[in-house]
Amino acid sequence: MFDFHLHTTKSDGVLSIEEMLDTLHLSSIQPFSITDHNHALAYECFDYTQFPCIPGTEIATSYKGEIIELLGYGINPSVINAWYKDFYSEQNLERIEKLLFNRIQECARRQGYLFDNTLSLNSFEKGISKKVMYQELVDKNPMFVSYFPTYKAFFRQGLSNPDSPFFINEGDTYLSFDETIDLIHRAGGKAFLAHIFEYDAFRKNHYIDEVKDKLDGMECFHPSIPMRESVKLFHYCEENELYVSGGSDFHKPERHIPMGVYLDKTLLCSSRFNWIPENLRILL
């Protein structure tokens, strides 16, 4: 088994780097990639060259208003981390979170939802504005949870969905799609579109056909993608000379999605996996 999509406590996972490495070893999952959100800080904490590891990251961007994510594989962690520490400096993060906080409140106000007008942010970690407002709307509006039963649903189906009245068009708080690909390439990596089945507008409007020539590959195997659709995506990548990846997107055991991806050897022998270094590809 392999897994090229894993998150640690350096972003929003629950396993420390040491716990992650121990779990991967005990589960015989190799090769692997830790792809924490918007940075590669995990790789400052262990000598990844001594493991069957491809250094990676997962960077948020947007396409025609919808927030999507790109995986970067084979990156130089130092390049990604230098960008991250500048782009998400304390000053810039505070500006972004206050901006999004006000946008969500305005959306809620227009739709007649109740919330405390004196509510404020006490910290400025990434995403805090959306999480605080989601909980506030759930607490003050009993029916709200029937529309958005989880924070992830609120984020994907509301805030980042151009067809939703809760759409806040936060693309101006991220690098553009082209800039994000350029960052990954400048770091020596390859840019893969992550979990396409989580992007409703992107899929519905067939935007993949518009961006495929800018990408190096696509994450075809992911828990959000039914296996039959994964195989279709795999053939799409074959037809368009895109590389293929896959991963569990592991964050925490409570999601009941285990680490590791198992594929038939006939798929693994495809040239679509040639982006993986030869010394690691023989482990598949």
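A residue is taken as buried when its relative accessible area is under 20%. In this predicted model, Tyr134 has a relative accessibility of 7% and therefore counts as buried. Tyr151, at 24%, counts as partly exposed.

Aromatic contacts recur in the structure, which holds 33 aromatic pairs. In one of these, the ring centres of Tyr73 and Phe192 lie 5.0 Å apart with the planes at 75°, so the arrangement is edge-to-face. Because Tyr73 belongs to strand β4 and Phe192 to strand β5 (residues 190–193), this pair ties together parts that are 119 residues apart in sequence. Both Tyr73 and Phe192 are buried. The rings of Tyr134 and Tyr151 likewise form a pair that is edge-to-face, since their centres are 6.2 Å apart and their planes stand at 70°. Here the link runs between distant parts of the chain, with Tyr134 in helix α4 and Tyr151 in helix α6, 17 residues apart. Ring pairs also join Tyr73 and Phe192 to Phe2, Phe4, Phe221, Phe234, Phe273 and Trp275 in a cluster.

Helix α6 spans residues 151–159, and its buried residues are Ala153, Phe154, Phe155, Arg156, Gly158 and Leu159. The cover over these buried residues includes β4 (66–73), α3 (90–110), α4 (128–140) and α5 (144–147).

Helix α6 also contributes to the largest pocket, giving four residues, the largest share of the lining. This pocket encloses about 1,000 Å³ of space. Its lining comprises 33 residues, of which Asp12, His37, Lys131, Tyr151 and His251 lie nearest the centre. The elements that supply two or more residues to this lining are β3 (56–63), β4, α4 and α6. By class, the lining residues of the largest pocket divide into 14 charged, 11 polar and eight nonpolar.

The second largest pocket has a volume of about 230 Å³. Its lining is formed by Ile196, Phe197, Phe202, Arg203, His206, Ile208, Asp209, Met218, Glu229, Lys232, Leu233 and Tyr236. Two or more of the lining residues come from each of α8 (200–204), α9 (208–211) and α10 (227–239). The greatest contribution, four residues, is that of α10. Seven residues of this lining are nonpolar, four are charged and one is polar. Two members of the lining, Phe197 and Arg203, are also paired with each other: Arg203 lies over the face of Phe197, at 3.8 Å from the ring centre.

Notes
Residues are numbered from 1 along each chain as its sequence is written. This is a predicted model: local features need pLDDT of at least 70, side-chain atom pairs count only at pLDDT 80 or more; totals for chains, interfaces and linings use all residues. Side-chain values use heavy atoms; hydrogens and water are left out. Buried means under 20% relative accessible area, exposed over 50%, partly exposed in between (1.4 Å probe, protein chains only). Contact means heavy atoms within 4.5 Å. Rings of Phe, Tyr and Trp (its six-membered ring) pair if their centres lie within 6.5 Å; planes under 30 degrees apart count as stacked, over 60 as edge-to-face and the rest as tilted. A charge sits over a ring if NZ of Lys or CZ of Arg is within 6 Å of the ring centre and within 35 degrees of the ring normal. On a 1 Å grid over the protein atoms alone, a cavity is a set of points where a 1.4 Å probe fits but cannot get out, and a pocket is an open set with protein on both sides within 12 Å along at least five of seven lines; lining residues have an atom within 4 Å of a point. Grid points are joined across faces, edges and corners, and a volume is the space filled by probe spheres set on the points. Ala, Val, Leu, Ile, Met, Phe, Trp, Tyr, Cys and Pro count as nonpolar, Asp, Glu, Lys and Arg as charged, and the others, Gly among them, as polar.
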